[in-house]
Each structure stands twice: as C-alpha cells, then as structure tokens.
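Please look over the sequence and the 3D structure shown here. Then read the short report that goes with them.

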Amino acid sequence: MIQIRPVSDLRNKFPEVEKIVNEGEPVYLTKNGYGAMVVLSLDLYARLTDGAETALDEADQAAAKDSRRMTHEDVFGNLRRKINAQ
C-alpha cells in the first residue's frame, strides 16, 4: 500500500516512518498538500541507483582509454537520429 505522509511525520512519527521504510516500502512525503520528497531505505536506494553508477563507471573507464571527445550537439544529435529512425 502506498504510504503518503506529511513531512512533519519525519519529526513527529519518525519510528513509524522508519519501520515502513525498513520493510522495503518508500514513504512519499507532502508539504502543504503537494509532493515534496520520497524516503527510501539505503538498500532500496542502492538497488535503484547501482545500474546507473556502474554505467557511469564504465563510461569513465572508456573515456580514459579513448582520446576522442564529443560535443553536446554530437551526442544528442546521434540520439535524435537513432530515435527518429525507429
């Protein structure tokens, strides 16, 4: 079940929020009735970001081995051509 709580619950009901997060569920926090942030366990956050971190590390290693550099326009122009060709 989605957990939506006011941001004040971090201060006033931290043990409840912590329990939900430690059970593997994110807690969506609102401020003045609008979405403000999401609280995740470190484990869930790591699972969500590990792929991106690995890809960035691989890109850094590849860049270190290759002296060619691309401009912003080169990169996004190539992406646009690939997307439009589909």
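The report below goes through strands, core, salt bridges, a loop residue and helices. The model is predicted.

**Strands**

Begin with strand S1, which covers residues 3-6, and strand S2, which covers residues 27-31. The two run parallel, and four bridges join them. Arg-5 has Leu-29 of S2 opposite it.

S2 also pairs with strand S3, residues 34-39. Here the sense is antiparallel, and the pairing spans five bridges. Leu-29 has Met-37 of S3 opposite it. Leu-29 therefore appears in both pairings: it faces Arg-5, and it faces Met-37.

**The nonpolar core**

Which residues make up the largest nonpolar core? They are Val-17, Ile-20, Val-21, Val-27 and Leu-29, five residues in all. Helix H2 (14-22) and strand S2 each supply at least two of them. H2 gives the most, with three residues.

**Salt bridges**

How many salt bridges are there? The count comes to five. The table lists three pairs, with the distance between their closest N and O atoms.

| Residue 1 | Residue 2 | Closest N and O atoms |
|---|---|---|
| Asp-9 | Arg-5 | 3.1 Å |
| Arg-5 | Glu-16 | 3.4 Å |
| Lys-19 | Glu-23 | 3.6 Å |

Arg-5 forms a salt bridge with Glu-16. This pair links distant parts of the chain. Arg-5 sits in strand S1, Glu-16 sits in helix H2, and they are eleven residues apart.

Take Arg-5, Asp-9 and Glu-16 together. They are linked in a network of salt bridges.

Are Asp-9 and Arg-5 buried or exposed? Both are buried. The relative accessible area of Arg-5 is 15%, so it falls under the 20% limit for buried residues. Glu-16 has a relative accessible area of 42%, so it counts as partly exposed.

Now turn to Lys-19 and Glu-23, which also form a salt bridge. Lys-19 has 54% relative accessibility, so it counts as exposed. Glu-23 is exposed too, because its relative accessible area is 53% and the cut-off is over 50%.

**A loop residue with positive phi**

Asn-32 lies in the loop between S2 and S3. These two strands form a hairpin, with two residues between them. Most residues other than glycine have a negative phi. Asn-32 is not a glycine, yet its phi is positive, at about 55°.

Is Asn-32 buried or exposed? It is exposed, because its relative accessibility is 70%.

**Helix H3**

Helix H3 covers residues 42-65, and Ala-64 has its place there. Ala-64 has a relative accessible area of 68%, so it counts as exposed. Now compare two positions in the chain. Ala-64 and Ala-52 are twelve residues apart along the chain, and 18 Å separates their C-alpha atoms.

**Helix H4**

Helix H4 covers residues 72-85, and Leu-79 is found there. Arg-81 is also found in H4.

Start with Arg-81. It counts as exposed because its relative accessibility is 53%. Its side chain is joined to that of Asn-78 by a polar contact of 2.4 Å. How far apart are the C-alpha atoms of Arg-81 and Asn-32? They are separated by 43 Å, with the two residues 49 apart along the chain.

Next comes Leu-79. Its relative accessible area is 41%, so it is partly exposed. Leu-79 belongs to a nonpolar patch on the surface. The patch is formed by Met-70, Val-75, Phe-76, Leu-79 and Ile-83. Together these residues have about 460 Å² of accessible area. Why can Leu-79 be part of a patch? A patch residue needs over 30% relative accessible area, and Leu-79 meets that part of the rule because it has 41%.

**Looking back**

Three places are worth finding again in the structure. One is Leu-29, which is part of the largest nonpolar core and stands opposite Met-37 in S3. Another is Arg-5, which is linked with Asp-9 and Glu-16 in a network of salt bridges. The last is the surface patch that includes Leu-79.

Terms used:
Residues are numbered from 1 along each chain as its sequence is written. This is a predicted model: local features need pLDDT of at least 70, side-chain atom pairs count only at pLDDT 80 or more; totals for chains, interfaces and linings use all residues. Side-chain values use heavy atoms; hydrogens and water are left out. Patches are made of residues with over 30% relative accessible area and no salt bridge: like charges are joined within 9 Å, nonpolar side chains (Val, Leu, Ile, Met, Phe, Trp, Tyr) within 5 Å. Accessible areas come from the Shrake-Rupley method with a 1.4 Å probe; for residues, only the protein chains shown count as cover. A salt bridge is a side-chain nitrogen of Lys or Arg within 4 Å of a carboxyl oxygen of Asp or Glu. Buried means under 20% relative accessible area, exposed over 50%, partly exposed in between (1.4 Å probe, protein chains only). A polar contact is a pair of N or O atoms within 3.5 Å; within protein, one must be able to donate a hydrogen and the other to accept it, and residues adjacent in sequence count only if both atoms are side-chain atoms. Two strands pair if DSSP finds at least two bridges between them. A nonpolar core is a set of buried Ala, Val, Leu, Ile, Met, Phe, Trp, Tyr and Cys residues joined through side-chain atoms within 4.5 Å.
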